[in-house]
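New to this one? Here's a quick briefing to read with the model open beside you.

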Amino acid sequence: MIERGALSPCAKPVAPLLQPGGWLYSQCGQLQPGREPVYLNPADAAVRGIGDGDVVELFNDRGRCLAGAILSEAIMRGVARLATGAWFDPAPAAATGLDLERHGNPNVLTLDRGASGLSQGCVAQTCLVEAKRYEGTPPPVEIFAIPQIVPRA
C-alpha cells in the first residue's frame, strides 16, 4: 500500500524505484563522483520541464535530495528510478534555505520504520515523491572532500 501521508501536495507524484546501482549501498561509493542518477520517463520529465542531464530535486514531506536526470523510455511512466548507495551529504540549511541532501541519497525520502515487528524489512517502496528541475546553481557535492584536520592543542 502506498503511504499517502508522506505525499507533498503535488499534481502528479511519481513512485520511486529504489534499488542498488553500480555498487551495493555505500560500498565503493567514492568511485562515482557527482550526483546519483535518477531515471525518468521522458513524458514525466517533459511535464516537469526536466531535460536529460538536468539536476533534479526529488522531494516529499520527509525530505529532499538532488540527482542527475537520465531520461529513458525503459522507465515506466509514473516511476523514478533512484539507486541506493549515494553517501549522505546534507547541505547546510543556511546555504540553501532548506534541508537538502546533495548526493542523491534516497534515505531522506523514505520512512525510517521496519515493515513489521517481525521482519523489520525495508518499506522504501511505499512512498511517493515529486520531481522538479533544480533552479539556480546546485550546491556542490562535498562528501568526497577530505575533512580539515585540526591539530591537537
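**Starting at C65**

C65 touches V56, E57, L58, L82, L100, E101, G104, N105, V108 and L109, leaving aside residues up to four places away in sequence. Keep in mind that this is a predicted model. Several of those names come back below.

**The overall layout**

- The protein has two helices and eight strands.
- Going along the sequence, you'll meet them in the pattern β-β-α-β-β-β-β-α-β-β.
- Of the protein's 153 residues, 38% count as buried.
- Take the contacts between residues at least 6 apart in sequence: 75% of them join residues at least 24 apart.
- About 8,800 Å² of the protein is exposed, and carbon and sulfur atoms supply 57% of that.

**The nonpolar core**

- Some background first: in soluble globular proteins, nonpolar side chains tend to be buried together.
- Here, the largest nonpolar core has 17 residues, and the ones touching the most other members are V38, I50, V56, L58, C65, L82 and L109.
- At least two residues of this core come from each of strand 2 (37-40), strand 3 (55-59), strand 4 (64-71) and strand 5.
- Strand 4 is the top contributor to this core, with three residues.

**Strand 5 and its partner**

- Strand 5 is largely enclosed by the rest of the structure, because five of its six residues are buried.
- Strand 2 and strand 5 run antiparallel, and three bridges join them.
- Look for V38, which stands opposite L82 in strand 5.

**Rings and charges**

- How many aromatic pairs does a search of the whole structure find? There's one.
- W87 and F144 make up that pair, which is tilted, with 5.6 Å from centre to centre and 40 degrees between the planes.
- W87 sits in the loop between strand 5 and strand 6, while F144 is in the segment after strand 8, so the pair ties together parts that are 57 residues apart in sequence.
- W87 is partly exposed, at 25% relative accessible area, and F144 is also partly exposed, at 29%.
- Two charged side chains are worth finding as well. The charged end of R81 sits over the ring of Y39, 4.6 Å from the ring's centre.
- K132, for its part, lies over the face of F59, with 5.6 Å to the ring centre.

**Two loop residues to look up**

- D89 is in the loop between strand 5 (79-84) and strand 6 (90-91).
- Is D89 buried or exposed? Its relative accessible area is 4%, so D89 is buried, given that the cut-off is under 20%.
- Not counting residues up to four places away in sequence, D89 touches L100, E101, R102, H103, P140, V141, E142 and I143.
- L100 and E101 may ring a bell: C65 touches both of them, and so does D89.
- C127 lies in another stretch, the loop between strand 7 (100-101) and strand 8 (130-133).
- With 2% relative accessibility, C127 counts as buried.
- C127 and P13 are 114 residues apart in sequence, yet their C-alpha atoms are 9.9 Å apart in space.

Notes: Residues numbered from 1 in each chain as written. Predicted model: local features only at pLDDT ≥ 70, side-chain atom pairs only at ≥ 80, totals over all residues. Heavy atoms only, no water. Helix = DSSP H or I, 4+ residues; strand = E, 2+ residues; numbered from the N terminus. Buried < 20%, exposed > 50% of the residue type's maximum accessible area, 1.4 Å probe, protein only. Contact = heavy atoms within 4.5 Å. Core = buried A, V, L, I, M, F, W, Y, C linked by side-chain atoms within 4.5 Å. Phe/Tyr/Trp six-rings, centres within 6.5 Å; stacked < 30°, edge-to-face > 60°. Lys NZ or Arg CZ within 6 Å of the ring centre and 35° of its normal. Pairing = 2+ DSSP bridges. Areas by Shrake-Rupley, 256 points an atom, 1.4 Å probe, with all protein chains shown as cover.
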